[in-house]
Amino acid sequence: MAAGSKRTNVLKYSLGMCLFSALTQCAPAASHADAPTPKTTPPPTVVATAKPPAVDAAALHVAKAEQLAGSDLTQPLVLCKTVEEAKDVILAKAKGDGKIVVTPTKLFDNLFFVGNQFVGVFVLKTSAGLVLFDSLTSTDDIRTVLEPGLKQLGLAPKDIRQVMVTHGHFDHFGGAAYLQKTYGAHILLSAADWKFIEQQKQAPGVGPAEIPKHDLEVTDGQVLTVGDTSVTLYLTPGHTPGTVSAIIPALDRGKPYKLALFGSVLFPATREPSPTNGGLELYQRSIEHFDQVSQAAHVDGILNTHTFIDGTAERLAEARTRTPGQPNPFLIGTANAHRYHEILGECVAAALARLEPAPKQASN
Ligand SMILES: [Zn+2]
């Protein structure tokens, strides 16, 4: 972390703390014990309520997220914008970067990435075939990006056994139906997101051909074993009613590690669940839950199929030019994985704070 940036962030956080303190603790000074006693009792002083305005509580969480991000984990700060602003940024990325294919990349001995700059697929190689995390946006993406990408990496599309779809948005499940039909791959989703995608048959841009047939339902803490490899899956609702996250084992030059893949990105706009998302409060509980299990598992790094949200894109570029003497860029350590989850936690807390009702105006 650059010293200047650290100072700026500390300063920002200090200012945030000052603001919070000013609003909560710096009430008008109480009368001094040695002050002369007035002859008549003055009317009681009206002290402002201690609760800070919602916008300032949100600013405090944003300042904390910026402090946690330092100079090396700034990507998730996009989620600290208002939900509408973050949505605009991410949708703009979908339009532009969704058309730019990333060079297929080997991250670990048994883990690969194929996709574009907006969204991709992690491919886990096991002794009994391939496990995919997500399936790109459409059948067309599978034919033009995934299948050629796998072949370029020396992997065979016919070996795809399981497709773990993190959540029921078309940029994650769009290629699943084709993989199910063509290669007999099992498709995994949470029960809530199976229901969600089955209601999307008429959604714009999603044809019935892109909806996979109902297959395996994921449960919280489920261990998915394929051949010699076991992945642990967790229900982390919020972004959708039943988003799934995973702890994935990976080998680097024969040595075992674990990676945390949080399946959610953009925050929902409401506190409460709706038919299309789990709501902000569940999102907050989900990130705390996944952070706890990730720390307990001593994960060594993080992954996101939207590679721009957690630094995966930069690490993929480093992995492609890694020399035999260099460390694996994905091995950032348990503390940094925890810091990433904490940043998401602060950003979701900011989004919740912005939903606080505005302070009531005093009536005259
Ligand atoms: Zn999504």
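## Strands β5, β6 and β7

In this predicted model, strands β5 and β6 run parallel and are joined by 3 bridges. One residue pair shows how the two strands are matched: Q162 has H186 in β6 as its bridge partner. On to the next strand, β6 and β7 also pair in the parallel sense, over 3 bridges. Here L189 stands opposite E217 in β7.

Strand β6 is largely enclosed by the rest of the structure, because 4 of its 5 residues are buried. As general background, the strands of a sheet pair through backbone hydrogen bonds, and the pairing may be parallel or antiparallel.

## The sheet of 7 strands

These strands belong to an open sheet of 7 strands, in the order β1-β2-β3-β4-β5-β6-β7, and the pairing is mixed. At the edges lie β1 (101–108) and β7 (216–218), each of which pairs on one side only. From one strand to the next, the twist averages 20°.

The mixed character can be followed strand by strand. β3 and β4 pair in the antiparallel sense over 5 bridges, and a hairpin of 2 residues joins β3 to β4. Within this pairing, F122 has F133 in β4 as its bridge partner. By contrast, strand β4 (residues 129–133) and strand β5 (residues 160–164) run parallel, with 4 bridges between them. The bridge partner of L132 in β5 is V163. Strand β4 is largely enclosed by the rest of the structure, since 4 of its 5 residues are buried.

## Helices against the sheet

Two helices can be placed relative to these strands. Helix α4 (residues 139–152) lies across β1, β2 (111–116) and β3 (120–126), and runs at about 145° to β2. Helix α6 (residues 176–183) packs on the sheet and touches β5 and β6 (186–190). The direction of α6 makes about 160° with that of β5.

## The nonpolar core

In soluble globular proteins, nonpolar side chains tend to be buried together. The largest nonpolar core of this model has 95 residues, and the residues with the most contacts inside this core are V123, V163 and V348. Helix α10 gives the most to the core, namely 10 residues.

Which residues are in contact with V123, leaving aside its neighbours within four places in sequence? They are F112, V114, L130, L132, L150 and L155. Another of the three core residues, V163, has already appeared as the bridge partner of L132. The third, V348, is among the α10 residues that meet helix α8.

## Helices α8 and α10

The axes of helix α8 (residues 279–296) and helix α10 (residues 334–354) come within 10 Å and cross at roughly 170°. An angle over 145 degrees counts as roughly antiparallel, and α8 and α10 are therefore roughly antiparallel to each other.

The α8 side of this contact consists of L280, Y283, Q284, I287, E288, F290, D291, S294 and Q295. On the α10 side are T334, A337, H338, H341, L344, G345, V348, A349, A351 and L352. Sorted by class, the contact has 10 nonpolar, 7 polar and 2 charged residues.

## The sheet of 5 strands

A further open sheet has 5 strands in the order β8-β9-β10-β11-β12, and its pairing is mixed. Its edge strands are β8 (222–226) and β12 (301–303), each pairing on one side only. Neighbouring strands of this sheet are turned by 30° against each other on average, direction ignored.

Inside this sheet, strand β9 (residues 229–235) and strand β10 (residues 244–252) pair in the antiparallel sense over 4 bridges. T232 stands opposite I247 in β10.

## A loop residue, P327

P327 lies in the loop between α9 (312–320) and α10. Is P327 buried or exposed? P327 counts as exposed because it has 10 C-beta neighbours inside 10 Å, and the cut-off for an exposed residue is 12 or fewer. P327 and D252 are 75 residues apart in sequence, yet their C-alpha atoms are 9.4 Å apart in space.

## The chain as a whole

The protein chain has 10 helices and 12 strands. Of its 364 residues, 44% are buried. Among contacts between residues at least 6 apart in sequence, 69% join residues at least 24 apart.

Definitions and conventions
Residues numbered from 1 in each chain as written. Predicted model: local features only at pLDDT ≥ 70, side-chain atom pairs only at ≥ 80, totals over all residues. Axes fitted to C-alpha atoms, helices over the stretch in contact; angles between N-to-C directions. Parallel < 35°, antiparallel > 145°, perpendicular 65-115°, else oblique. Contact = placed C-beta atoms within 7 Å. Nonpolar A, V, L, I, M, F, W, Y, C, P; charged D, E, K, R; others polar. Core = buried A, V, L, I, M, F, W, Y, C linked by C-beta atoms within 7 Å. Buried ≥ 20, exposed ≤ 12 C-beta atoms within 10 Å, placed from the backbone. Pairing = 2+ DSSP bridges.
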